[in-house]
Each structure stands twice: as C-alpha cells, then as structure tokens.
Amino acid sequence: MPNDFIAASSEDAMSHLTTIRGFARRAVVCGLSYAACVLFTGARRDPEFMRYDAAARRVDLTIIAAFDQSNTGYNLNGASHGAHRITVPSGWRVTVSFVNRDVFRHSIAVIREVRSLPLRITKPVFSGAASRAPDVGLPPGARQDDIGFVADRPGAYLLACGVPGHAVLGSYLRLTVSSVDSVPRYEMVAPSQATVPQ
Ligand SMILES: [Cu+2]
C-alpha cells in the first residue's frame, strides 16, 4: 500500500470517522437506495481540468471536490492520495476555479509536500493559493473562481483540502513547480501507482 504511506500514522484514527461520514454522505445524498444514489450522482469525468496560455505564462485549473464517489467522496477531480499530478513551470500565474460538489464543506490550499499531512490547513505556501478560510471550507454546492497565485518557487507541493481531517483521508493532489518544464501538464496516475513523495 505505498500510496497510503503519507497518511499511515493517522489513518487508523480516521477510519472510524470515514465509516461514519461515508454513511452520512450516502444518507444525505441519496434519500433513495444506494444503487439509485450512485447512478444519480455518478459524475462524468471532465478532461478539461487544465487550460493554459503559454505566451501569457498562465494556467487555469478546475478543482472539483467530491467529483465522484471514489474514496468515499474525499477526492479532488476524482483523485485522492496524490493520484493526479499537476506540473506548472516556475514563474507562471496559476488560477483555480474550485467547486464543492459535496454535501460537506471542502476547501483547497497549496502546501509544501510533506510526509505527515497536517490535520488542518489555515495558510497556503504561496500568497493567494487557497480558497477562502481553508480550514472551514466552502459550503455544499459553492464555487470560488478568484483563487490565484504566482508559482514562483520551484519545488514539490500538494493541493489539499484544509478542512480538518480531509487531507489525511486523501483529499490532495500533487503540484510540482518546475524550473525545467516549459508548459504545464496534468497527469492522471492510477491509484495503485500513486507513490510516496521523494
Ligand atoms: Cu475536504
């Protein structure tokens, strides 16, 4: 279970919470049977999570919390535990449209890549690189389009949900600010291939 390494220390403590919240999520979202629920909420995969303008050195990201039912809803664009990897050339401006499709609050914030994920996130590593009040999160159905920052320090980062417990449960993507790449890219890595940060 290499992809669970990051969260291993806190995972046992959180598994009980996952079960309870998973049940609550289905109960809230459904109202009908679980099968009907999955059919009803089954989201189509949107290939347009990233657009960029190389001349303007600007990249626009769409990040959707609880994009689908994977990882009990604790996913971003359908990925959890860093399974999606975003690379941005250093110095580019990044804008994020963040959408919360869930029945719970979620947020997004850029933090340094760490082996032990924080329980909550109050402040991003780049100025402006978070949705408002990241440790509180946006309410269900909310959207914020004015998130923007300049990725001016090369390195390994995470785009994580700051609501207490959510990053530990796997709500994070990887972000590399690269000094060698000339254009951004968005890679979808299969969950089994999502590995521990170097
Ligand atoms: Cu969250």
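Where in the chain is the place of Arg-57? Arg-57 turns up in the loop between strand E1 (50-53) and E2, and we'll come back to this residue below. Keep in mind that you're looking at a predicted model. The protein has two helices and nine strands, and reading along the sequence gives the pattern α-α-β-β-β-β-β-β-β-β-β. Those strands include the members of two open sheets, one of five strands and one of four strands.

**The overall picture**

- Out of the 198 residues in the protein, buried ones make up 36%.
- Take the contacts between residues at least 6 apart in sequence: 71% of them join residues at least 24 apart.

**The five-stranded sheet**

- This open sheet runs in the order E5-E7-E8-E3-E9, and its pairing is mixed.
- At the edges you'll find strand E5 (109-112) and strand E9 (185-188); each has a single partner strand, so one side of each has no neighbour in the sheet.
- On average, neighbouring strands here are turned by 25 degrees against each other, ignoring direction.
- Start with E7 and E8, which pair in the antiparallel sense over six bridges. To spot this pairing, find Ala-156 and look for its bridge partner in E8, Thr-176.
- Next come E3 and E8, which pair in the parallel sense over five bridges.
- On its other pairing, strand E3 (residues 84-89) meets E9 in the antiparallel sense, over four bridges.
- Ile-86 is a handy landmark: its bridge partner in E8 is Leu-175, and its bridge partner in E9 is Tyr-186.
- How many of the seven residues of E8 are buried? Six are, so E8 is largely enclosed by the rest of the structure.

**The four-stranded sheet**

- The order in this open sheet is E1-E2-E4-E6, again with mixed pairing.
- E1 and strand E6 (143-150) take the edge positions; with a single partner strand each, they have one side left without a neighbour in the sheet, which is why they count as edges.
- Neighbouring strands in this sheet are turned by 20 degrees against each other on average, with direction ignored.
- E4 and E6 pair in the antiparallel sense over six bridges. One of the bridges links Arg-93 to Val-150, its partner in E6.

**The nonpolar core**

- In soluble globular proteins, nonpolar side chains tend to be buried together.
- In this model, the largest nonpolar core has 42 residues, and Leu-159, Ala-160 and Leu-175 have the most contacts inside it.
- Two or more core residues come from each of these elements: strand E2 (58-65), E3, strand E4 (93-100), E5, strand E7 (155-160) and strand E8 (172-178).
- Which element gives the largest share of this core? That's E2, with five residues.
- Leu-175 links two parts of this briefing, since it is among the core residues with the most contacts and is also the bridge partner of Ile-86 in E8.
- For a closer look at Ala-160, skip its neighbours within four places in sequence: what's left in contact with it is Ala-109, Ile-111, Ile-121, Ala-167, Ser-171 and Tyr-172.

**Two loop residues with a positive phi**

- Back to Arg-57, which isn't a glycine and yet has a positive phi of about 50 degrees. Is it buried or partly exposed? It has 18 C-beta neighbours inside 10 Å, so Arg-57 counts as partly exposed.
- Asn-71 is a residue other than glycine too, with a positive phi near 50 degrees. You'll find Asn-71 in the loop between E2 and E3.
- Asn-71 has 20 C-beta neighbours inside 10 Å, so it counts as buried.

**A tour stop at Tyr-52**

- Tyr-52 is found in strand E1.
- With 19 other C-beta atoms within 10 Å, Tyr-52 is partly exposed, because a buried residue needs 20 or more.
- Leaving out neighbours within four places in sequence, Tyr-52 is in contact with Arg-58, Val-59, Asp-60, Val-183 and Pro-184.
- Tyr-52 and Val-88 are 36 residues apart along the chain, and their C-alpha atoms are separated by 9.9 Å.

Terms used. Residues are numbered from 1 along each chain as its sequence is written. This is a predicted model: local features need pLDDT of at least 70, side-chain atom pairs count only at pLDDT 80 or more; totals for chains, interfaces and linings use all residues. Two strands pair if DSSP finds at least two bridges between them. Axes are lines fitted to C-alpha atoms, for helices over the stretch in contact, and angles run from 0 to 180 degrees between N-to-C directions. A nonpolar core is a set of buried Ala, Val, Leu, Ile, Met, Phe, Trp, Tyr and Cys residues joined through C-beta atoms within 7 Å. A residue is buried if 20 or more other C-beta atoms lie within 10 Å of its own, exposed if 12 or fewer, and partly exposed in between; C-beta atoms are placed from the backbone. Two residues are in contact if their C-beta atoms, placed from the backbone, lie within 7 Å.
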